[in-house]
Structure formats: structure tokens, C-alpha cells
Amino acid sequence: MINSILRFSLIFILLILLQVLLFNNIQFSGYVNPYVYIMFILLLPMEIPSWLLLILSFATGLTIDLFSGSPGMHSSATVLAGFIRPYVLRIISPRDGYEPNSDPSMVTYGFTWFLTYTFLIVLVHHTALFYLEVFRFADFFRTMLRVILSTLFSVTFILLIELYRRGK
Amino acid sequence: MRSLLNFLARYNNLIIFLVLEGIAIYLLATGNNYHNGRFVNGVRGLTRGIEERINNTRTYLSLREINEALATENVALRNNMAKLVKKGNSAFTSVTDSIYKQQYTHTSAEVINNSTNRQKNFFTLNKGSRQGIKLDMAVTSGNDVAGVIVGCSENYSVAMSLLNLDFKLSARIKSNGYFGSLSWDGRSYRYAVLSDIPQHVTVNVGDTIETTGYSAIFPEGVVIGTVSDYDKVGGDFYKIIVSMKTDFRRLHFVDIIGNMKKTEEIELEKQFQ
């Protein structure tokens, strides 16, 4: 228990630092803004109580908000991602269900499963985030393009980090 | 009572979700407005140390370009000075008179946090109210428009970048003086859009676009950029794409311009509204 709290705190700090120090500074173009910190929500254990998941999501979003000077934007999108995670897990559950006490990781459930899982949650998160950012429906399709491109990049980076984690 | 408790137990996730989402939306609705300053003063202080450190690294990496820019500016200033010395020989000598003559104050500041990839971009400067920075002062880079101060704490201030969907600026075509409204359309960090120029006006690619000074924020004649493309939209107006002179990705040192006569102008204008 203590061990896993320590492990997830470390993952949390690493992901936040990665986001704030590296990805927030990439500014590749207005269309591609990868947000990899959402990976923290993806990695939390299967059996985590929903209320804790929601509160951790809020805390993650708020931390990113503090660093990027955008109060509420990331919090709101991340809480939404935390809220839909149990539903996404239910929809894409493997035929013989999930193993007890397992982490939703690539090692346990394979590449395709992890890709679907990541893609769905990142897509919901980014959709909420980018529409909240512009806060208007003018340029609807341009914002959608930003959502899709950024989702592709975020998913790619998350998969790379996950592959690296597996390699260790 | 029991059914209420049952209800709460059954939907507790949804309730927590709605409460947290409510807090987030509340922050989004109230905190995003940099005018209230609370967020700028309070919570962002926590992250500022890190921001400054990141910026130090970034500045170090681009020292060469900064030096070049400074050298060019020095030459320009020296040239101006040479002209002024010549003028000084005339019958009327200029006296530094802060009450009647000087309208604009200039303060130099360093950008310590900046973004160009969002739809509503802001940048943070390392000078604040203690150094005489106030709300609604103009921010320029060299002699080109960069933004407007929207939040001040004691030692820091936050400026709304021209790259912000909420930014509106009165601008004109230098060659013929027709003015319109300049804003950013959220597409590229290099281009802005000038609208409200009537179609009977001749516009040429390469024309300089500058500020009008009507807003009492920017002085007159601050360069924004040049016309890169134009298009007729609707029946009456042009949509002019302006290639901005300021490179927002390389914003390091900026000038903050305060208008000392702004209050006077606004007070007078108020009487006729």
C-alpha cells in the first residue's frame, strides 16, 4: 500500500515535470500541443475507488493549471477524464475480464488494448480541454483539427513512455 | 431521510464529479480574467521561481540573437541622438519637462514566461507595480506591438499577448491613414487580421500597418507589421492579413509604455458619452 503510494507519487511528479518543463515549452505550432500528464490518470490501479480517482484527477489538473496560468481549464478536462475512466474500462474489457489487483498497463493487457484505452481517454480529455480553451463555437472545425492532431501526438508520446517503462 | 442517504450513496461518484467540475468551471469563469489579479498575485507566486529558472536557460541559449538586436537598437538610438544634437543648436532648446512635454514613459522588462500555442496567450514580465507598472500599459518589442498589461503584482505583471482571441487594437494603413480593427484569428502566430477597412481604399501587399493611438494605450505609429494578403469579404470591407513584425516566439526584452495623459484624455471623453 505504502509502496504503491510512493510509486504513484513519483510517477505524478515525473509526469508533471515532463509536462511543465518539456511539453509545455515545445510550442510546435498552435495545432499540436501534447498533454502527456493525463497518463497519470491512465496508470492508476484498476481497483482505485472512484471518488479517489476523481480527486486525484482534480489535483493533477489543478497542478498543471498552476504552472500554465489557466485556472480551471485543465482541472475541468482532467476531472472529466477521471469520471469516464471506469466506463471506458468497462466498454473495452477483455473477454475474460480484468485480473484482480492489476494495473492498466501494456504489459498486462497488451498493446492494442492499451492503445484503445489511451486513445479514448485522451480524446475525451483533449476535446474538453480545447473547446474550453476557445470557449466559443466559432471555428468549430479548426478546434476539432487541433483536438485530433494533439490527441495523435499525446497518444504517441504516452505509448513511447509506456514502452520505455516496460523496457525497464 | 433514508431515501436521501440511499440516493447519495448510489450517486456519490456523480455528485463528487459534479462538485469538482463545478469548482473547475468556477475557477475558469472567474480566474481566467486576469483583471481581477487575485490569481496573478496569489497562486502563481508558487510557480514563478521555476518559471524564472526555465527562462534563464532559454535566455542563455539565445544570447547571440539578443545581442544582435541590442546592437541594432543601439545604432538606431545613436542615429536619433545625432539628429537631436543638431536640433539642439537651434534657437529653442529642449528642456526636459516632465509635466508638460513628456507624454509617454518607457520601462524595459524581461519576459519570464510566454506562450504562443494557445488560443488565449499571455506572457509574464519581471516588473510590477513597485517598478511603476500599471494596468493597461502598452508592451512593445523594439518598436513593434507585443501586448497590453492586464495584471500586476508587486514585482511581476502579466500581459495579454497580441496572440489572444480577446485582443483588439485600433490600427491603420500607414500610407493612406485609413484605420480599422486588428485582432488575432487564432491561426498562425505570425499573422493577424485587420478588418473594417472599406473596399474603395487601395491596399498593396507590403504596406506598413501601425497603431493609431486612438485607444490611449499605444502611442501613435507603433509598427504592427506589413500587409501580406488581402481579400474582399461581404460587400463593404477588406479582410487584410497582416504579417506581424514581432516574433512572439523570441520575445525576450520588451518596453512597457505608459501614457501619462491617458486619464486626462479618458476623463474628457467621458463627458461627451
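Here is a short walk through a predicted model, going from one residue to a chain contact and then to some paired strands.

Let's start with Thr156(A). You'll find Thr156(A) in helix α7 of chain A, which covers residues 140–167. Is this residue buried, exposed or something in between? Count the neighbours: 13 other C-beta atoms lie within 10 Å, so Thr156(A) is partly exposed. To be called exposed, a residue needs 12 or fewer such neighbours, and to be called buried, 20 or more. Now look for Thr118(A). Thr156(A) and Thr118(A) sit 38 residues apart along the sequence, and in space their C-alpha atoms are 9.6 Å apart.

Next, look at where chains A and B touch. Chain A puts 22 residues into this contact, while chain B puts in 31. Which parts of chain B do the touching? On that side of chain B, α2 (12–31), α4 (45–61) and β2 (120–125) each supply at least two residues. The biggest giver is α2(B), with 11 residues. If you sort the residues on chain B's side by type, you get 14 nonpolar, 11 polar and 6 charged.

Finally, stay in chain B and find strand β9, residues 208–211. Which strands does β9(B) pair with? One is β6(B), residues 168–173, which runs antiparallel to β9(B) and is joined to it by 3 bridges. Here Ala171(B) stands opposite Thr211(B). Another is β10(B), residues 223–233, again antiparallel to β9(B) and again with 3 bridges. In this pairing, Glu210(B) faces Val223(B). So β9(B) is a handy strand to trace by eye, as it has β6(B) as one partner and β10(B) as another.

Note on methods. Residues numbered from 1 in each chain as written. Chains lettered and ligands numbered in written order. Predicted model: local features only at pLDDT ≥ 70, side-chain atom pairs only at ≥ 80, totals over all residues. Helix = DSSP H or I, 4+ residues; strand = E, 2+ residues; numbered from the N terminus. Contact = placed C-beta atoms within 7 Å. Nonpolar A, V, L, I, M, F, W, Y, C, P; charged D, E, K, R; others polar. Pairing = 2+ DSSP bridges.
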